[in-house]
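Here's a walk through a multi-chain model, going from domains to interfaces to the residues packed inside. Keep the viewer open as you read.

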Amino acid sequence: MFVVLSPAHPDPMYKQVTDQIKDAIASGELKPNERLPSVRELSEALHVSAITIKRAYQDLETDGYILTRAGLGSFVASVERDALRERKLSELREELRRLVRSSARFGISAGDIVELTRQVEGD
Amino acid sequence: METVLEATDLTKDYEDFSLRGVSLTVRSGSISGVFGPNAAGKTTLLKVLAAQAPMQSGAVRVLGQIYETSEGDLKNRVGYVPQEPTFYPDKTATWHARFAAHYFARWDGAGFFSLLETFRVNPLKKVKHLSGGQKKLLSLATALSHGAELLILDEPTAGLDVVHRRSLLDRLRAITADGSRTVLVASHITDGLDEIAEDVTFLHDGRVVLHAAADDLMTRWKWVHYKDGSLDRAIEGRFATLRRQPFGNRGLTDDLPALREAVAPALASGDARIDHASLEDILLSFVKGA
Amino acid sequence: MDPILRRSSFFYVTAFVTYTGLMGRFMLTRDWPAFEVIPLFLPVWLISGMLASEHDERYAFLRTLPLTDRAVVRTKFALILSFVSAAWLLMTAVALFRMGDGVATPSTLVYVTLVCASALLVGALYQIGIW
């Protein structure tokens, strides 16, 4: 697993962790029922406080990506690809809403963004 | 741009170490930081620059003059806060103010007492009853109350609580805002002064290892985070610092343009990311060596 | 008045007054070879006055003031000189007075002067040592 935390990143640390773990799950890098590193392990490896990791894991559990068994650790939940897709779509909806709004200030329409998306896909 | 302070080739032998060929310039109106590990020579350097200790060889020009001929004038125009403030222990801040007022040409008594109030230092308490942080604040108030154009501060945030530290940083920014004053600060980088320093000097083992504008450093130095194995050894060898960690390695470089081509594939596939480096990261790379 | 002078002179004046009070009285009233022993206390009094004054002296603080080292040293030496001079004047006056009843002789004056000169030297060296 490849996790990069950046203090300069606009998202708070715990969200960077959850996002990257979600990515790893979606890409198959983390398999269902696979054991995640312990809170202590990850916090030491990434040089962030255990509280940050704990929060990240809690969020992941609330969203159904992982399951925590007291004493045993945290495991990737066996989520179906469709469910993952649905969840990601609703997250994307939020992000797009923000993107559309801020782009409008620059005179960029939703249509422009769609066109841009096609171009990027082609890259 | 005018320089208010120019040190050339300073040398001074001290107990455990020496300053060797230290040169630096401080731009007018700037906040300049001297950073480095303990015993790098920061305090000794500042003492020499503020005429608190003699140097063995080299030259120091302050505000266009030298201490040998204009000590009185310069000490009026330069405010110094030592790392360990010394005052007459049985006397009060008020007594010290009267003492200082006798010598400083532009002593601002009202300003001094108003600063003490902001800093919450009781002017009627004997200095020996003040805490270390309060003595520091008293020293600061003194340096700020005699119309100094150049302030030389040795670890000003050490011993201060969070609130006072923040207010000090804000104050330093405020007094240099109109360009009429210059601040030279020595610090351990984690004290928050790296946030406000515009020019940075790294001192290590008595030598200047880096002297550059902070902006320039932030632009040039970058971390390359990458998945183990996605960059080959040749590239890894070119990093100033390399850290192998469980969830991704990272390399520090100040020459990303030269490495960009080699790193491009990993970047494109998401196996690598570029990130900013903090002043602390950059300093550590010099201290540890690689 | 110069704050350095003001602070330090307190100790020197105290030393002088106690010297005068104690030793001066002995020199005035005792017949016992007062002038052989008592002047020797002068350097002791001087050093203890200096010790008291320098104990709390804060040269680091003075160095932050627009004050040359030379000016500080001048002030300190002036104090030592004043102390010794005043003591010399006092002892000479008392010696002259006691020449009347034979306790003091002209050589006493020389002796007193020598002691004061050495006290001055000791004091100056001590001051330089501190500084």
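How many Å separate the centres of domain 1 of chain A and domain 2 of chain A, taken over C-alpha atoms? The answer is 26 Å. Before going further, keep in mind that this is a predicted model, and that side-chain atom pairs count only at pLDDT 80 or more.

**Domains**

Chain A splits into domain 1 (13-76) and domain 2 (81-122). Chain B is cut up too, with domain 1 covering 3-211 and domain 2 covering 221-288. Here are the centre separations for both chains, computed over C-alpha atoms.

| Pair of domains | Separation of centres |
|---|---|
| Domain 1 and domain 2 of chain A | 26 Å |
| Domain 1 and domain 2 of chain B | 37 Å |

In chain B the two domains do touch: 10 residues of domain 1 are in contact with 5 residues of domain 2. On the domain 1 side, the elements giving two or more residues are β8 (199-204) and β9 (207-213) of chain B. The largest share, 3 residues, belongs to β8(B). Sorted by class, that domain 1 side comes out as 7 nonpolar, 2 polar and 1 charged residues.

**Inside domain 2 of chain B**

Now have a look at strand β10 (residues 222-226) of chain B. Why is β10(B) largely enclosed by the rest of the structure? Because 4 of its 5 residues are buried. You can also follow its pairing on two fronts. Strand β12 (residues 249-253) of chain B runs antiparallel to β10(B), and 5 bridges join them. Strand β13 (residues 272-276) of chain B pairs with β10(B) as well, again in the antiparallel sense and over 5 bridges. Y226(B) is a handy residue to click on, since you can trace a bridge partner in each of those strands: N249(B) in β12(B), and A272(B) in β13(B).

**The nonpolar cores**

The largest nonpolar core has 76 residues, and the members touching the most others are L150(B), I152(B), L184(B) and V185(B). Where does this core lie relative to domain 1 (3-211) and domain 2 (221-288) of chain B? Both domains give residues to the core, so it lies between them.

L150(B) is a good place to start exploring. Setting aside neighbours within four places in sequence, its contacts include V4(B), L5(B), V62(B) and L63(B). R77(B), V78(B), T182(B) and L184(B) are also on that list.

There's a second, separate core of 29 residues, which includes W45(C), M50(C), F83(C) and V94(C). As a general point, nonpolar side chains in soluble globular proteins tend to be buried together.

**Chain C**

Chain C has 6 helices and 0 strands, so to speak an α-α-α-α-α-α run from the N terminus on. Its C-alpha trace spans about 55 × 20 × 20 Å along the principal axes. Of the 131 residues in chain C, 34% are buried. Among contacts in chain C with a separation of 6 or more, 82% come from residues 24 or more positions apart.

Is M50(C), one of the residues in that second core, buried or exposed? M50(C) counts as buried, because it has 24 C-beta neighbours inside 10 Å. You'll find M50(C) in helix α3 (residues 41-55) of chain C. Leaving out neighbours within four places in sequence, M50(C) is in contact with G123(C) and Y126(C). For a sense of distance, L90(C) is 40 residues from M50(C) along the chain, and their C-alpha atoms are separated by 20 Å.

**How the chains meet**

Which chains share the most contacts, of the 2 pairs of chains in contact? That would be chains B and C. Their contact takes 11 residues from chain C and 17 residues from chain B. On the chain C side, helix α4 (residues 59-63) of chain C gives the largest share, 3 residues. By class, this side of chain C has 6 nonpolar, 2 polar and 3 charged residues.

Chain A meets chain B through 8 residues of chain A and 10 residues of chain B. The chain A side has 7 nonpolar, 1 polar and no charged residues. Chain A and chain C, on the other hand, are joined by no contact, and their closest C-alpha atoms lie 41 Å apart.

Notes:
Residues numbered from 1 in each chain as written. Chains lettered and ligands numbered in written order. Predicted model: local features only at pLDDT ≥ 70, side-chain atom pairs only at ≥ 80, totals over all residues. Buried ≥ 20, exposed ≤ 12 C-beta atoms within 10 Å, placed from the backbone. Contact = placed C-beta atoms within 7 Å. Nonpolar A, V, L, I, M, F, W, Y, C, P; charged D, E, K, R; others polar. Domains from an automatic or database assignment. Pairing = 2+ DSSP bridges. Core = buried A, V, L, I, M, F, W, Y, C linked by C-beta atoms within 7 Å.
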